[in-house]
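Visitor: I am new to reading protein structures, and I would like to go through one slowly with you. Could you show me the sequence and the model, and then take my questions in turn?

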Amino acid sequence: MPLTTTSWVSVDGVMQGLGAEDEDRRGGFERGGWAMPYADPAVEGALNAVYEKADAFLFGSWTFDVFARSWGAVPEMMDSPIGRALNSKPKYVASDTLASPAWAHTTVIPANSAAAVSGAVREASGEVVTPGGRTLIRWLLANDLVDAVNLFIAPVVVGQGERLFPDTGPDRALELTEHTVVSNGVIVVTYRPTGPARYGQTADTTRAWTE
């Protein structure tokens, strides 16, 4: 079954603290809640579709804790389309410290275990979605476990905070499979990883130079 990561990012690639002012203050981050001005009904509809079509969810420990305290605990959030999807479907959290998660339908799997992630994906009858979680997403990509990368790109330069991709890391070529401008300049794109990035001239340019 496919494994899809889905993330809000700014134009400069920031994904830290997107939802609320105090969501994630790590590293002295002071610009939380930057995505919320763009979460209008059209964007919410696109987000709802991502969660509703998922068969299961895979979390890192930080994101799992944030989601459990919000989508899994706040009544109005629980009763939203995203909340209903998260609360009714299987959830996997990659952690070596979490023993007994209180959030229903949750299974803990070992962190940094490709075999455990692959097993969770095989158990699902459809798509497994990883919502946010930059550490987990980076690790999944580095281990070639991602089938699709879904990005909600907000038209803002945050200028501070942790980014989805590290300053130094493995390179990846991506094939665009879906894209749409939702509203307020928000762009939703889906890419399929196709292996290491290629460098130098394009095939057409190289051929023209050698003819």
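Visitor: Which residue in β5 is the bridge partner of Thr 4?

Guide: Please keep in mind that this is a predicted model. Strand β1, residues 3-10, is joined to strand β5, residues 128-131, by four bridges, and the two run parallel. Within this pairing, the bridge partner that β5 offers to Thr 4 is Val 129.

Visitor: In what order do the strands of the open sheet lie?

Guide: Strands of a sheet pair through backbone hydrogen bonds, either parallel or antiparallel. Here the open sheet has eight strands with mixed pairing, and their order is β4-β3-β2-β5-β1-β6-β8-β7.

Visitor: Which are the edge strands of this sheet?

Guide: An edge strand can be recognised here by the fact that it pairs on one side only. From one strand to the next, the twist of the sheet averages 25 degrees. The strands that pair on one side only are β4 and β7, the latter spanning 173-181.

Visitor: Which strands does α2 touch where it packs on the sheet?

Guide: Helix α2 covers residues 61-70, and its direction makes about 115 degrees with that of β2. As it packs on the sheet, α2 touches β2, β3, β4 and β5.

Visitor: Which residue of β4 is the bridge partner of Lys 91?

Guide: Lys 91 belongs to strand β3, residues 91-94, where Lys 91 and Val 93 on one side and Tyr 92 and Ala 94 on the other are all buried. Strand β3 is joined by four bridges to strand β2, residues 56-60, and also by four bridges to strand β4, residues 106-109, running parallel in each case. On the β2 side, Gly 60 has Ala 94 as its bridge partner, while on the β4 side the partner of Lys 91 is Thr 106.

Visitor: Over the ring of which residue does the charged end of Lys 91 sit?

Guide: A charged group can lie over the face of an aromatic ring, as Arg 26 does with Trp 62, at 3.6 Å from the ring centre. The charged end of Lys 91 is placed 4.8 Å from the centre of another ring, and that ring belongs to Trp 103.

Visitor: What is the angle between the planes of Phe 64 and Trp 103?

Guide: A pair of aromatic rings is described by the distance of the centres and the angle of the planes. The model has six aromatic pairs, and in one of them Phe 64 and Trp 103 lie 5.6 Å apart from centre to centre. This pair links distant parts of the chain, with Phe 64 in helix α2 and Trp 103 in the loop between β3 and β4, 39 residues apart. The pair is tilted, and the angle between its planes is 45 degrees.

Visitor: Is Trp 103 buried or exposed?

Guide: Ring pairs link Trp 103 with Phe 59, Phe 64 and Phe 67 into a cluster. A residue counts as buried under 20% relative accessible area, and Phe 64, at 6%, therefore belongs in that class. Because the relative accessibility of Trp 103 is 8%, Trp 103 too counts as buried.

Visitor: How many residues does the largest nonpolar core have?

Guide: In soluble globular proteins, nonpolar side chains tend to be buried together. Among the residues with the most contacts inside the largest core of this model are Trp 8, Trp 34, Phe 67 and Leu 86. Leu 86, leaving aside its neighbours within four places in sequence, is in contact with residues including Tyr 51, Phe 57 and Trp 103. The number of residues in the largest nonpolar core is 31.

Visitor: Is Ser 95 buried or exposed?

Guide: Ser 95 is found in the loop between β3 and β4. Leaving aside its neighbours within four places in sequence, Ser 95 is in contact with Ser 61, Val 108, Ile 109, Pro 110 and Ala 111. Because its relative accessibility is 7%, Ser 95 counts as buried.

Visitor: Is Asn 112 buried or exposed?

Guide: Asn 112 lies in the loop between β4 and α5. Most residues other than glycine have a negative phi, and most peptide bonds are trans. Asn 112, however, has a positive phi of about 55 degrees although it is not a glycine. Because its relative accessibility is 59%, Asn 112 counts as exposed.

Note on methods: Residues numbered from 1 in each chain as written. Predicted model: local features only at pLDDT ≥ 70, side-chain atom pairs only at ≥ 80, totals over all residues. Heavy atoms only, no water. Buried < 20%, exposed > 50% of the residue type's maximum accessible area, 1.4 Å probe, protein only. Pairing = 2+ DSSP bridges. Contact = heavy atoms within 4.5 Å. Phe/Tyr/Trp six-rings, centres within 6.5 Å; stacked < 30°, edge-to-face > 60°. Lys NZ or Arg CZ within 6 Å of the ring centre and 35° of its normal. Axes fitted to C-alpha atoms, helices over the stretch in contact; angles between N-to-C directions. Core = buried A, V, L, I, M, F, W, Y, C linked by side-chain atoms within 4.5 Å.
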